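Welcome, and thanks for taking a look at this one with us. Please open the sequence and the coordinates side by side before reading on.

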Amino acid sequence: MTTHREIIIAGAGFAGICMAIRLREAHCTDLLILERNSAIGGTWYDNSYPGAACDVESHLYSFSFAPNPAWSRQFGPQQEILRYMDHCVDAYGLRDSIRLQSEVASATFEERTGLWHIATTGGQDYTARFFVSCSGGLSDPSYPAIPGIDTFSGHIFHSARWDHSYDYRDKRVAVIGTGASAIQIIPAIVDRVRKLEVFQRTPAWVIPKPDKAISSFRKAMYERLGFMRALYRWRLYWQHELMAIGFVVNPGLLRLFGKVAARHIRRAVQDPVLRKKLTPSYVIGCKRILLSNDYYPALQKSNVSVVTDGISEINSTGVRTVDGAQYDVDLIVLATGFQAAENITRFVAKGLGGRDLTEAWQHGAEAYLGTTVNGFPNMFLVVGPNTGLGHSSMLLMIEAQVGYIVQAIQQARQRSAIYLNVKKDVQQEYNRKLQDELSHSVWQSGGCHSWYQNKDGKNVTLWPGFTFTFMKRTKHFDPDQYDWATS
Ligand code: N01
């Protein structure tokens with residue numbers, strides 16, 4: 001049996017929840033969210049590893065329309081963020097509009113009717129006039145292609161698929177990778193494990209994390225005096241926006257952060273050999289700047305080794321490096337990141353003339369305003385190509401995209417359109433300018449390769465600028481940028 005809804009949303013993370021809330025407010029109530037997990041939360045459900053917390057302040061990393069005066073810390077822990085998301089789902093009456101354990105496998109556009117046919121991996125079929133992909137930029141783990149990985153006889157899992165049934169206490173543990181996830185996991189487990197081998201391929205720039213508990217007094221003040229909370233959010237917003245100048249306008253300005261990071265490592269790491277190992281050679285900002293106060297202290301504990309020789313193989317008992325050293329372990333944690341620049345949608349999408357989205361994106365994913373793709377009418381992407389941020393809260397971008405999509409759907413309704421399709425030249429020109437701006441950024445010129453880039457080195461993930469510029473671009477939906485099919 002096929003179920004029809006006017007709008008189907010894939011994913012119940014921050015993007016999907018925001019999309020549904022705003023659509024309902026705009027009286028678009030015939031909608032359904034299909035979520036692959038058995039609970040809502042998206043990346044915040046997946047990433048439940050020990051120590052998981054936000055690295056953007058919670059008063060900024062929350063919806064502008066649903067403030068939470070009760071955040072316990074500057075940087076909320078994962079469980080608290082999930083509770084906030086659950087609260088939003090209930091407060092906005094979305095619970096009944098979410099189908100859990102419903103993973104979108106394919107979405108196929110039918111030109112005659114202007115409908116999307118959506119199939120889930122569980123065999124359910126849906127049709128929808130509008131299809132919104134909110135499947136997230138960081139949802140599919142990247143598993144390293146290390147020879148012999150399948151032969152390991154111990155326990156092995158990815159950081160975003162943490163096996164909580166496994167007791168790692170008093171075990172020998174290897175963590176592969178030293179990115180944002182690893183630097184939270186390592187301090188959280190170090191005192192419980194017998195031995196911790198940290199396999200670092202490229203060191204990250206790490207600056208102190210200005211994290212602390214928010215006092216009861218401040219929480220009460222934010223509760224009673226909403227403008228004080230709003231003022232605080234406003235301050236955080238501009239503090240983060242200033243960083244964008246360094247990322248895209250003048251990478252030289254990042255030198256200040258470079259000094260902070262260099263001082264941090266000088267003060268925190270006494271051993272010159274270890275300090276050298278942990279000091280990156282690329283310009284700060286080229287890869288994500290990490291925030292932590294306990295990562296360097298954790299690495300200096302007596303049960304920890306930082307291994308910088310490349311991994312040659314994983315065998316049945318552990319990890320072998322190119323110098324021939326063998327590290328026998330009970331558990332391997334793959335903190336190796338996500339497939340962010342490839343495989344941007346998590347399902348097969350076929351647009352006009354049966355064209356496959358993967359084929360359309362063979363030279364790198366691109367969209368107009370990160371939201372619509374020529375040849376894929378009535379389809380919208382939240383957190384689509386080049387909407388990611390290196391400097392601030394993704395929720396700012398999500399809210400901007402969602403507002404734009406609501407306007408597009410309202411326009412289509414008013415015109416009784418069968419479909420709207422972004423013009424090819426509009427998309428091309430937009431991306432030409434965008435890539436031109438990116439070419440001056442630290443992400444392209446800073447001397448590193450990061451998950452921001454695809455295999456050809458093209459940056460398909462980040463927005464090259466201030467969030468307010470993106471907000472301005474998406475504030476008003478311009479119907480002239482689209483071809484309209486009407487009956
Ligand atoms: O992943 P990463 P992550 N052999 O890609 C290494 C967000 N996030 O999960 O740098 C050996 O940053 C790889 O080495 P290299 C945030 O946006 C947010 O940590 O490629 N090593 C790197 O060290 C973040 O940027 C929070 O040389 C291998 C690591 O694995 C994004 O998620 C918390 C390897 C991967 O680091 C991803 O972070 C956590 C191999 N074959 C994450 N392959 C918040 O707090 C990869 N590596 C909000």
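Here is a short tour of two sheets, two helices and two single residues. Please keep in mind that this is a predicted model. One sheet has 5 strands with parallel pairing, and another has 3 strands with antiparallel pairing. The helices on the tour are α7 (residues 255–268) and α12 (residues 424–439).

**The parallel sheet**

- Reading across this open sheet, you will meet the strands in the order β7-β16-β8-β9-β12.
- Its edges are formed by β7 (155–158) and β12 (304–307), each of which pairs on one side only.
- From one strand to the next, the twist averages 15°.
- Strand β8 (residues 172–176) runs parallel to strand β16 (residues 331–334), and 4 bridges join the two.
- Within this pair, Val 173 stands opposite Leu 331 of β16.

**Thr 178, in the loop after β8**

- To find Thr 178, look in the loop that lies between β8 and α4 (182–189).
- Is Thr 178 buried or exposed? Its relative accessibility is 8%, so Thr 178 counts as buried, the cut-off being under 20%.
- A polar atom of the Thr 178 side chain lies 3.2 Å from the backbone oxygen of Thr 202.
- Beyond its neighbours within four places in sequence, Thr 178 is in contact with several residues, including Ile 183, Val 198, Phe 199, Leu 290 and Tyr 295.
- Thr 202 also belongs to that set of contacts, as do Gln 200 and Ala 204.

**The antiparallel sheet**

- The second open sheet has the strand order β13-β14-β15.
- Because β13 (311–314) and β15 (326–328) are edge strands with a single partner strand each, one side of each is left without a neighbour in the sheet.
- On average, neighbouring strands here are turned by 20° against each other, direction ignored.
- β13 pairs with strand β14 (residues 318–321) over 3 bridges in the antiparallel sense.
- One bridge to look for links Glu 313 to its partner Arg 320 in β14.

**Helix α7 and its last residue**

- α7 has 14 residues and reaches 20 Å from its first C-alpha to its last, close to the 20 Å expected at 1.5 Å a residue.
- The buried residues of α7 include Gly 258, Ala 261, His 264 and Ile 265; they cover an arc of only 125° around the axis, which puts them on the same side of the helix.
- Their packing partners are β10 (206–207), α8 (272–278) and α9 (295–299).
- Turn to the other side of α7 and you will find Arg 255, Leu 256, Lys 259 and Arg 267 exposed.
- Ala 268, also in α7, counts as partly exposed because its relative accessibility is 22%.
- Not counting residues up to four places away in sequence, Ala 268 touches Tyr 296 and Gln 300.
- Ala 268 is 26 residues from Asp 294 in sequence, with 9.4 Å between their C-alpha atoms.

**Helix α12**

- The 16 residues of α12 reach 22 Å from first C-alpha to last, close to the 22 Å expected at 1.5 Å a residue.
- Which residues of α12 are buried? They are Val 426, Gln 427, Tyr 430, Asn 431, Leu 434 and Leu 438.
- Seen down the helix axis, these residues fall within an arc of 115°, so they line one face of α12.
- That buried set packs against β19 (417–422), α13 (442–445) and α14 (467–475).
- Lys 424 and Asp 425, on the other side of α12, are exposed.

Key:
Residues numbered from 1 in each chain as written. Predicted model: local features only at pLDDT ≥ 70, side-chain atom pairs only at ≥ 80, totals over all residues. Heavy atoms only, no water. Pairing = 2+ DSSP bridges. Axes fitted to C-alpha atoms, helices over the stretch in contact; angles between N-to-C directions. Buried < 20%, exposed > 50% of the residue type's maximum accessible area, 1.4 Å probe, protein only. Polar contact = N/O pair within 3.5 Å; in protein donor to acceptor, adjacent residues only side chain to side chain. Contact = heavy atoms within 4.5 Å. Expected span 1.5 Å × (residues − 1). Arc of directions from axis to C-beta.
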